Amino acid sequence: MQLRVVTDQPWDVKADILAIPIVGEPTFDGPLAEIDRRTGGELRALAAFGELRAKRYTSSIVAPGELAASRALTISAGDRDAIDRETILHVGAAIEHRLGGRHVRSVAVWLTPLVDILPGGVDTVAELIARGVVEGSFDPKTLYRDDIPTAPPVLDELILIAPGADAASAKRAAERGVIIGEGANHARSLSNRSANDITPEVLADEARALAEKHGLWIDVIEPDRAREIGMGMFLAVGQGSDNPPRMIVIRSGKEGEKDSLGRHLAIVGKGVCFDSGGISIKPADRMEEMKMDKIGACTVIAAIGTVARLAPGTPLLAVAPAVENMPGGHATRPGDVVKALNGKWVDITNTDAEGRLILGDAMTYAEQLGATHIVDVATLTGAVSRAFGHLITGAFGTPQPWYDEVIAAADKAAERYWQIPLIDDYVPDMESWYGDLQNSGSAEGSLIKSGLFLREFRTVPWAHLDIGGSGYFRKALPFAARGATGVTHATLVELALAGAKRA
């Protein structure tokens, strides 16, 4: 897709679609009044009719009249006081998503109505809109079929209209947004692929291809070697499947190299390519969604690739434990006791609490490889979805200054998190008769206990991002198709880039 930033007036820009953001209730003065005049008063008429509304992400397609574009598309951003970076990102995605099934090759977006709302001005809006348009182009229906009549259009050109702006600076920002959006879509593509398509071995092959493309170091640990290393929890989850597990490790930069902030950052993602629950088998209802239990791994793999595109050589480690959790004849049984890589003995009381087991060994291994700071990403619990729904990611972290750094990256990435406390009074509920701790306790406080369990397997600053609710949508939204969302990808990228060494 070609990207252009122009400083012309919106009515003079030729494109198949001119997208016009509407902030609050439309007031037809200034440039919006001129656009309306050139459409022959169509915008005012639509507003009077109730078709052009202030409700966020609502849209209408308008005849062009005297506009240079072939059609105009209004897209509402909602009340001015409620607009944030996430809103602007989703406005970009909603523009592209709204055009599903239309014959469109070029889209021009008028940035001016959004520019003075956020710090950063034109560059901020250009980056978020460009990223949003790219993310809005994703539709998982196209993974296995070519002819999807409702799919968002494949654009030849995206034009950002910013009268009076520094076009070169805005274009650099927009190009950054495009790259982050493409990385998110890569994570979504991997995540949405079916379990018979993406096994642990195939995910490792995808990681190898990405590493080769970007000149990254990669190591894939197979079961025999994992056994020698002592990854007891990781192996326990994967041993019931005919598709053996893989511990995928990708590195940017030199071994143990610190970034400009003195960190050797590790991003760790849960990669359960299919989660039946194992012997503690899940209900049949919606079990087909459990191909999505690999989203965390797909996200960290995509994120290190995105960082390599934006700042090659930035020190970063990505660890993706990939397994299938199946109830085979060799599957781990409730009550089995295994030794974790850090030496702790873990009583597996519920084989469906498997994500924390593979993450624990992966985090320990990341530290052995020199990680000084860790962030893990996982579709870990259903409890986080019940608590926060599908638009907010639950998060834990310790110490607090490290968590605050992660959230600063999240704010820049336009992603929403809510901190969950780590309450030590719940630790006794996880005690085991036979081991140092058990992997699942009573239902009370189960979300907090999941974080407390993971905390036992790191000694460095750590944050845990539970995307059990936000990792995928069960139905389409105005700005996204159903399926994997790519959430946390941009946060991980911004966190890593904060430590990128300047030329």
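# Aromatic cluster, cores and strands of a predicted model

In this predicted model, one aromatic cluster is made up of Tyr 57, Phe 473 and Phe 479.

User: How many residues apart in sequence are the parts that the pair of Tyr 57 and Phe 479 ties together?

Analyst: The rings of Tyr 57 and Phe 479 meet edge-to-face, 5.4 Å centre to centre and with 65° between the planes. Tyr 57 belongs to the loop between helix H2 (42-49) and strand S3 (59-62), whereas Phe 479 belongs to the loop between strand S19 (472-473) and strand S20 (483-484), so the parts tied together by the pair are separated in sequence by 422 residues.

User: What is the angle between the planes of Phe 473 and Phe 479?

Analyst: Phe 473 counts as buried because its relative accessibility is 8%. Phe 479 is buried as well, at a relative accessible area of 11%. Their rings form an edge-to-face pair, 6.3 Å centre to centre, and the angle between the planes is 75°.

User: Which helix gives the largest share of the largest nonpolar core?

Analyst: The largest nonpolar core has 57 residues, and those with the most contacts inside it include Leu 203, Ile 248, Ile 301 and Val 375. Nine residues of this core, its largest share, come from residues 295-310, which form helix H10.

User: Which residues is Leu 203 in contact with, leaving aside its neighbours within four places in sequence?

Analyst: Leu 203 is among the residues with the most contacts inside the largest nonpolar core. Ile 248 and Ile 301 are also in that group. Once neighbours within four places in sequence are set aside, the contacts of Leu 203 are Ile 198, Ile 248, Cys 273, Ala 297, Cys 298, Ile 301 and Ala 322.

User: How many residues of strand S14 are buried?

Analyst: One side of S14 carries His 373, Val 375 and Val 377, and the other carries Ile 374, Asp 376 and Ala 378. Both faces are covered, and these residues are all buried. Strand S14 (residues 373-378) is therefore largely enclosed by the rest of the structure, the buried count being six of the six residues.

User: Which residue of S14 is the bridge partner of Leu 265?

Analyst: Strand S9 (residues 265-269) and S14 run parallel and are joined by five bridges. Within this pairing, the partner of Leu 265 in S14 is His 373.

User: Which residue in S18 stands opposite Asp 376?

Analyst: S14 pairs with strand S18 (residues 462-466) in the parallel sense, over five bridges. Ala 378 has Asp 466 as its bridge partner in S18. Opposite Asp 376 in S18 stands His 464.

User: Why is S18 largely enclosed by the rest of the structure?

Analyst: Trp 462, His 464 and Asp 466 lie on one side of S18, with Ala 463 and Leu 465 on the other, and both faces are covered. S18 is largely enclosed because the buried residues number five of the five.

User: What is the bridge partner of Ala 395 in S18?

Analyst: Strand S15 (residues 393-398) and S18 run antiparallel, joined by five bridges. In this pairing, Ala 395 has as its partner in S18 the residue Leu 465.

User: Which are the edge strands of the open sheet S12-S13-S17?

Analyst: Three strands form this open sheet, and the pairing is mixed. Strand S13 (residues 345-348) pairs with S17 in the parallel sense over two bridges, and Asp 347 stands opposite Gln 438 in S17. The strands that each pair on one side only, and hence are the edge strands, are strand S12 (336-339) and strand S17 (437-438).

User: How far apart are the end C-alpha atoms of helix H3?

Analyst: Helix H3 (residues 85-98) has 14 residues, which at 1.5 Å a residue should span 20 Å. In agreement with this, the distance between its end C-alpha atoms is 20 Å.

User: Which elements do the buried residues of H3 pack against?

Analyst: H3 is mostly covered, with eleven of its 14 residues buried. Among them are Ile 88, Leu 89, His 90 and Val 91. These buried residues of H3 pack against strand S2 (17-23), strand S4 (71-78), strand S5 (106-110), helix H4 (112-115) and helix H5 (121-136).

User: How many residues of H5 are buried?

Analyst: H5 reaches 22 Å from its first C-alpha to its last, close to the 22 Å expected at 1.5 Å a residue. The helix is mostly covered, and of its 16 residues the number buried is 15.

Conventions. Residues are numbered from 1 along each chain as its sequence is written. This is a predicted model: local features need pLDDT of at least 70, side-chain atom pairs count only at pLDDT 80 or more; totals for chains, interfaces and linings use all residues. Side-chain values use heavy atoms; hydrogens and water are left out. A nonpolar core is a set of buried Ala, Val, Leu, Ile, Met, Phe, Trp, Tyr and Cys residues joined through side-chain atoms within 4.5 Å. Buried means under 20% relative accessible area, exposed over 50%, partly exposed in between (1.4 Å probe, protein chains only). Helices (H or I, at least four residues) and strands (E, at least two) are DSSP runs, numbered from the N terminus. Contact means heavy atoms within 4.5 Å. Two strands pair if DSSP finds at least two bridges between them. Rings of Phe, Tyr and Trp (its six-membered ring) pair if their centres lie within 6.5 Å; planes under 30 degrees apart count as stacked, over 60 as edge-to-face and the rest as tilted. The expected span of a helix is 1.5 Å times one less than its number of residues.
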